[in-house]
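Here's a quick briefing for anyone opening this one up for the first time. Have a look at the structure, then read on for a tour by topic.

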Amino acid sequence: MRERSIGEAVEDDEPAKVIAYHRGDTHAAIDTLLEDIRHLRRQLALTEGAMSRGMARGWRPSYHRD
């Protein structure tokens, strides 16, 4: 099974919905999305630290960019 890229995971109208939520302010939309990314990375790091190695059979998150 092939891993989907970020571009494939986003629905066609999702970017427009995000910008509309921020009343057309693209900078606010980007700031919100970047903060979401930072939050999710912190959550992943916390989970990784609390998880036993046997639980995921040695799996470690990948932090590479496409």
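The accessible surface of the protein chain adds up to about 6200 Å², and carbon and sulfur atoms account for 57% of that. Of the chain's 66 residues, just 6% count as buried. Keep in mind that this is a predicted model, with a mean pLDDT of 79 over the chain.

**Overall layout**

- The protein chain has 3 helices and 0 strands.
- Going from the N terminus, the order of elements reads α-α-α.

**How far to trust it**

- In the protein chain, 62% of the residues reach a pLDDT of 70 or more.
- Helix H1 (residues 6-9) is where confidence is lowest, at a mean of 62.
- Confidence is highest in H2, with a mean of 91.
- As a rule of thumb, predicted coordinates should not be read in detail where pLDDT is low.

**Helix H2 and its salt bridge**

- How many of the 8 residues of helix H2 (residues 14-21) are buried? The number is 0, so this helix lies largely in the open.
- Lys17 pairs up with Asp13 in a salt bridge, and their closest N and O atoms are 3.3 Å apart.
- Asp13 has 36% relative accessibility, so it counts as partly exposed.
- Val18 and Ala28 sit 10 residues apart along the chain, and their C-alpha atoms are separated by 9.7 Å.
- Ala28 belongs to helix H3 and is partly exposed, because its relative accessible area is 22%.

**The loop between H2 and H3**

- Two residues to look at here are His22 and Arg23, both found in the loop between H2 and H3.
- Is His22 buried or exposed? His22 is buried, because its relative accessible area is 17%, under the 20% cut-off.
- The His22 side chain also makes a polar contact with the side chain of Thr32, at 2.9 Å.
- Arg23 comes just after H2 and takes a positive phi of about 55 degrees.
- That's worth a second look, since most residues other than glycine have a negative phi.
- Arg23 is not a glycine, yet its phi is positive anyway.
- With 80% relative accessibility, Arg23 counts as exposed, because the cut-off for that is over 50%.

**Helix H3, end to end**

- Helix H3 covers residues 26-50, which makes 25 residues.
- From its first C-alpha to its last, H3 reaches 36 Å, close to the 36 Å expected at 1.5 Å a residue.
- What caps the N-terminal end of H3? Asp25 does the job: one of its side-chain oxygens lies 3.2 Å from the backbone nitrogen of His27.

**A nonpolar patch**

- Ile30, Leu34 and Ile37 form a nonpolar patch on the surface.
- Together, these three have about 250 Å² of accessible area.
- Ile30 has its place in helix H3, and at 46% relative accessibility Ile30 counts as partly exposed.

**A salt-bridge network**

- The structure holds 3 salt bridges, one of which is the Lys17 and Asp13 pair described above.
- Which residues are linked in a network of salt bridges? They are Glu35, Arg38 and Arg42.
- The side chains of Glu35 and Arg38 meet at 3.2 Å, N to O.
- Both Glu35 and Arg38 lie in helix H3, 3 residues apart, or about one turn of the helix.
- Arg42 forms a salt bridge with Glu35 too, and here the closest N and O atoms are 3.3 Å apart.
- Glu35 is partly exposed, given its relative accessible area of 36%.
- Arg38 also counts as partly exposed, at 42% relative accessibility.
- Arg42 has a relative accessible area of 44%, so it is partly exposed as well.

Note on methods. Residues are numbered from 1 along each chain as its sequence is written. Side-chain values use heavy atoms; hydrogens and water are left out. Helices (H or I, at least four residues) and strands (E, at least two) are DSSP runs, numbered from the N terminus. The expected span of a helix is 1.5 Å times one less than its number of residues. A polar contact is a pair of N or O atoms within 3.5 Å; within protein, one must be able to donate a hydrogen and the other to accept it, and residues adjacent in sequence count only if both atoms are side-chain atoms. Buried means under 20% relative accessible area, exposed over 50%, partly exposed in between (1.4 Å probe, protein chains only). Patches are made of residues with over 30% relative accessible area and no salt bridge: like charges are joined within 9 Å, nonpolar side chains (Val, Leu, Ile, Met, Phe, Trp, Tyr) within 5 Å. Accessible areas come from the Shrake-Rupley method with a 1.4 Å probe; for residues, only the protein chains shown count as cover. A salt bridge is a side-chain nitrogen of Lys or Arg within 4 Å of a carboxyl oxygen of Asp or Glu. pLDDT is the predictor's confidence in each residue, from 0 to 100.
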